[in-house]
Amino acid sequence: MITAEVRELFSLEGRTALITGAGRGIGKAIACGLAGAGADVVLAGRNGSVERTAELLTEQGYAASTVAWDLEHTDTLQQEARELAQERSIDILVNNAGIIERTPSVEVSQAQWRRVLSVNLDAAFVLSQAFGAAMIERGHGKVINVASLLAFQGGLRVASYSASKHGIMAVTQALSNEWAQHGVQVNAIAPGYIATANTEELREDSARSAEILARIPSARWGEPTDISGAAVFLASRASDYVTGHTLVVDGGWMAR
Ligand SMILES: NC(=O)c1ccc[n+]([C@@H]2O[C@H](COP(=O)([O-])OP(=O)(O)OC[C@H]3O[C@@H](n4cnc5c(N)ncnc54)[C@H](OP(=O)(O)O)[C@@H]3O)[C@@H](O)[C@H]2O)c1
């Protein structure tokens, strides 16, 4: 295959991507990666941080806009997402936003459990429904869910998070089974230990941090930009025959 054809395979020119939680951390790195590969990006978030990411991108000549959504409130989200799906042709949906609450399981409140499940799982399903329906009609589309190593493992004091991430992997497979025949690929990325606000508590605990680092064959914590390439791949034509898959990007953790 000649170089131009390979470049074309990974190009996102002419595509529009919606990324949730794109104001910081992994979501910001994914948004910048997709924009760099040629996509127009729509950044979904609930505060000023998405505006700052949009400014950063537009200053550099990329097409970026924002939508203000709080993913905890899935009843209003459903309507808002349906409206956006009518206005914009979203080719790539990245369900990235997520929260973690570290609490011993006996102390987890109903409100805490619901909050984590709402943001990490319910919202991703609601958005997939809204934008997936339009993708099916168009006969092409990409849904990328951000899972976790805790889609495979139970973790410590993170039952709600672990349940949500096992759930998102199951939804990835379930939607893929239904939508692949319509040209819509549904995949997930399972990041390893990445230096963001999500893992701040772990990194601040020197004993736990050393324990984690000792198990990572790449011998370093991941950076948000370590996830960008996997997202570009799963958003591009290069992955048209990859679906229902959860791609681990973890510096080798799972192989240990
Ligand atoms: N860091 C890791 O090691 C790691 C490992 C595996 C999986 N992940 C997953 O990667 C994804 C991104 O996390 P991160 O590490 O980048 O953490 P982060 O820096 O804490 O980012 C979380 C993002 O989710 C958004 N968010 C949270 N609650 C929201 C709500 N109610 N409505 C709308 N947006 C909301 C945040 O928006 P605001 O700016 O408005 O708060 C923020 O953009 C999550 O799904 C996380 O579970 C992370």
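## Elements and model

Helices here are DSSP runs (H or I) of at least four residues, strands are E runs of at least two, and both are numbered from the N terminus. Keep that in mind as you browse the structure above, which is a predicted model.

## Around the ligand

Let's start with the ligand. A shell of 29 residues surrounds the ligand, and the closest are Arg-24, Ile-26, Asn-96, Tyr-161 and Thr-196. Sorted by class, this shell holds 13 nonpolar, 11 polar and 5 charged residues.

Three polar contacts are worth finding on your screen. In the side chain of Lys-165, an N or O atom is 2.9 Å from an oxygen atom of the ligand. Arg-46 also places a polar side-chain atom 2.9 Å from a ligand oxygen. Ile-194 takes part through its backbone, where a polar atom is 2.8 Å from an oxygen atom of the ligand. On its own, the ligand has 880 Å² of accessible area, and the protein covers 95% of that.

## The pocket and its helices

Which pocket does the ligand take up? The ligand occupies the space of the largest pocket. Two elements give two or more residues to the shell around the ligand: helix H2 (25-36) and helix H6 (159-179).

## Two positive phi angles

Now for the loops. Arg-157 belongs to the loop between strand S5 (141-146) and H6. Although Arg-157 is not a glycine, it has a positive phi of about 60 degrees. Is Arg-157 buried, partly exposed or exposed? Its relative accessible area is 45%, so Arg-157 counts as partly exposed, since that class lies between the 20% and 50% limits.

Ala-219 is another residue that is not a glycine and yet has a positive phi, again of about 60 degrees. You will find Ala-219 in the loop between helix H8 (206-214) and helix H9 (228-235). Ala-219 is exposed because its relative accessible area is 56%, and exposed means over 50%.

## A buried serine

One more loop deserves a visit. Ser-236 lies in the loop between H9 and strand S7 (246-249). Is Ser-236 buried or exposed? With a relative accessible area of 1%, Ser-236 is buried, because buried means under 20%.

What does the side chain of Ser-236 reach? The partner is the backbone oxygen of Phe-233, at 2.9 Å. That distance is within the 3.5 Å limit for a polar contact.

Conventions:
Residues are numbered from 1 along each chain as its sequence is written. This is a predicted model: local features need pLDDT of at least 70, side-chain atom pairs count only at pLDDT 80 or more; totals for chains, interfaces and linings use all residues. Side-chain values use heavy atoms; hydrogens and water are left out. A residue is near a molecule or strand if one of its heavy atoms lies within 4 Å of it. A polar contact is a pair of N or O atoms within 3.5 Å; within protein, one must be able to donate a hydrogen and the other to accept it, and residues adjacent in sequence count only if both atoms are side-chain atoms. Accessible areas come from the Shrake-Rupley method with a 1.4 Å probe; for residues, only the protein chains shown count as cover. On a 1 Å grid over the protein atoms alone, a cavity is a set of points where a 1.4 Å probe fits but cannot get out, and a pocket is an open set with protein on both sides within 12 Å along at least five of seven lines; lining residues have an atom within 4 Å of a point. A molecule sits in a cavity or pocket if more than half of its atoms lie within 2 Å of its grid points. Ala, Val, Leu, Ile, Met, Phe, Trp, Tyr, Cys and Pro count as nonpolar, Asp, Glu, Lys and Arg as charged, and the others, Gly among them, as polar. Buried means under 20% relative accessible area, exposed over 50%, partly exposed in between (1.4 Å probe, protein chains only).
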